[in-house]
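Q: I would like a close look at a single part of this protein. Please keep it brisk and work outward from there.

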Amino acid sequence: MKKYLLLIISILALFTSCVDEKEYPNTPEGNFEALWKIIDERYCFFDYKHEAYGLDWQNVYNIYKVRANEDINNYQLFEILTEMLSELRDGHVNLSTSFDYGRYWKWHEDYPTNFSDTLQRRYLGTDYHIASSINYKILDDNIGYLYIGSFMNDFGEGNLDEVIRYMLFCNGLIIDIRGNGGGNLTSAQKLAARFCQEKTLTGYIQHKTGKGHNDFSDLEPEYLEPSSNLRWHKKVVVLTNREVYSAANDFVKCMKCFPNVTTVGDQTGGGAGLPFTSNLPNGWTVRFSACPSYDRNRQQTEFGIAPDYKVDITEADFRQGIDTIIEFARKILAE
């Protein structure tokens, strides 16, 4: 936590030092210029996304600049700015106004959900347990099943102790985070620490040191310490889909470092940049990725993490009330 505090302080020092360097007028042109400049100086994935799909931020400026003129209203300006931000292909980039919320959600909208509430109810039934944001049950083959749909609502160490204690004699554990769009990073790491048996390198992080696209600190290692409370030592399967994002993506990144963990389902949605916010002259708020993080092999996870086993819910299984991904995980744990 101390490292994260120092990181946040350094980011704030950098960003606040340049916020007031130039004031833009509260006009369509002024707000456009301000937004483009904020992203140009502070966004963290320019080089990676240029390499991945040819992003050219200067060219983006040239394309959208001609549309941001004095003849447009706020709704038209919002549409132009949101379309410009969508060129970054980043779910952490959002534009907030009093009338709408600009977002890029193609990281999951363009893919099968590979999750069904209807199917899940057949597995959970009505007698499942609830510990804060964790729904859990022991399935009929003595496999423990946990569903965590979000890390937005924090759970306590006591919650995790009770869940693990209840599952203590299970043959294995399924952690289903399909549909988990993230939330509190400390919650994700708190959960991952229950499966960590020794201090483990889980990845690296950088932070911005200047306005240039390549102005970053050196890669700083991130370690996860084992929880001092009850820990799980048996096999685990983590279920993922394209809606697993941000803090949930980081959870998968950590869990893949442990030898008794297998991931099953679809690739995660990604979201490997720590977000920061800034304001435009008209009061609109823009959120953007400010600090890039990497896995333990120094690879980007911004566009997601591939599972150990790629499994989709089949139409035939769905018609029979079977979750193909859960059943695949049960077979792994039964071996």
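How many of the residues of strand 10 are buried? Please go on to what surrounds that strand.

A: This is a predicted model, and what follows is computed from it. Five of the five residues of strand 10 are buried, so the strand is mostly covered. The cover lies on both faces. Val 261, Thr 263 and Gly 265 are buried on one side. Thr 262 and Val 264 are buried on the other.

Next, the neighbours. Strand 10 runs parallel to strand 9, and five bridges join the two. One pairing can be named: Val 236 has Val 261 of strand 10 as its bridge partner.

Now the sheet as a whole. Strand 10 belongs to an open sheet of seven strands. The order is 3-4-5-6-9-10-13, and the pairing is mixed. Strand 3 (129–131) and strand 13 (309–310) are the edge strands, each pairing on one side only.

A helix also touches strand 10. Helix 12 (residues 324–334) packs on the sheet. Its contacts are with strand 5, strand 6, strand 9 (236–240), strand 10 (261–265) and strand 13. The direction of helix 12 makes about 165 degrees with that of strand 9.

Strand 5 is another strand that helix 12 touches. Strand 5 is mostly covered as well, with five of its five residues buried. Ile 143, Tyr 145 and Tyr 147 point one way from the strand. Gly 144 and Leu 146 point the other way. All of these residues are buried.

Strand 5 has a partner on either side in the sheet order. Take strand 6 to begin with. Five bridges join strand 5 (residues 143–147) to strand 6 (residues 172–176), and the two run parallel. Gly 144 stands opposite Leu 173 in strand 6. Leu 146 has Ile 175 of strand 6 as its bridge partner.

Then strand 4. Strand 4 and strand 5 run antiparallel, joined by four bridges. Ile 138 is paired with Gly 144 of strand 5. The two strands form a hairpin with four residues between them. In this hairpin Asn 142 takes a positive phi near 65 degrees.

A second helix covers this part of the sheet. Helix 8 (residues 157–166) packs on the sheet and touches strand 3, strand 4 (134–138) and strand 5. The direction of helix 8 makes about 15 degrees with that of strand 4.

Leu 146 is worth a stop. This residue sits in strand 5. Its relative accessible area is 4%, so Leu 146 is buried. What does Leu 146 touch, not counting residues up to four places away in sequence? Its contacts are Ile 134, Asn 135, Tyr 136, Val 163, Met 167, Leu 173, Ile 174, Ile 175 and Asp 176. Val 163 is 17 residues from Leu 146 along the chain, yet their C-alpha atoms are separated by 8.7 Å.

One loop by the sheet edge deserves a note. Ser 132 lies in the loop between strand 3 and strand 4. Ser 132 has a positive phi of about 60 degrees, although it is not a glycine. Most residues other than glycine have a negative phi. Ser 132 has a relative accessible area of 37%, which makes it partly exposed.

Thr 200 offers another buried site. Thr 200 is in strand 7 (residues 200–205). At a relative accessible area of 12%, Thr 200 is buried, because the cut-off is under 20%. Leaving aside neighbours within four places in sequence, Thr 200 is in contact with Glu 222, Tyr 223, Leu 224, Cys 257 and Phe 258.

Last, a helical part. Helix 2 (residues 28–42) and helix 4 (residues 57–65) pack at an angle of about 170 degrees, with axes 11 Å apart. That makes the two helices roughly antiparallel. Helix 2 brings Glu 29, Phe 32, Glu 33, Trp 36, Ile 39 and Asp 40 to the contact. Helix 4 brings Trp 57, Gln 58, Tyr 61, Tyr 64 and Lys 65. By class, this contact has six nonpolar, one polar and four charged residues.

Which residues of helix 4 are buried? They are Trp 57, Val 60, Tyr 61 and Tyr 64. These residues cover an arc of only 105 degrees around the axis, so they lie on the same side of helix 4. Their cover includes helix 2, helix 3 (46–53) and helix 5 (74–86).

Key:
Residues are numbered from 1 along each chain as its sequence is written. This is a predicted model: local features need pLDDT of at least 70, side-chain atom pairs count only at pLDDT 80 or more; totals for chains, interfaces and linings use all residues. Side-chain values use heavy atoms; hydrogens and water are left out. Axes are lines fitted to C-alpha atoms, for helices over the stretch in contact, and angles run from 0 to 180 degrees between N-to-C directions. Angles under 35 degrees count as roughly parallel, over 145 as roughly antiparallel, 65 to 115 as roughly perpendicular and the rest as oblique. Contact means heavy atoms within 4.5 Å. Ala, Val, Leu, Ile, Met, Phe, Trp, Tyr, Cys and Pro count as nonpolar, Asp, Glu, Lys and Arg as charged, and the others, Gly among them, as polar. Two strands pair if DSSP finds at least two bridges between them. Buried means under 20% relative accessible area, exposed over 50%, partly exposed in between (1.4 Å probe, protein chains only). The arc is that of the directions from the helix axis to the C-beta atoms.
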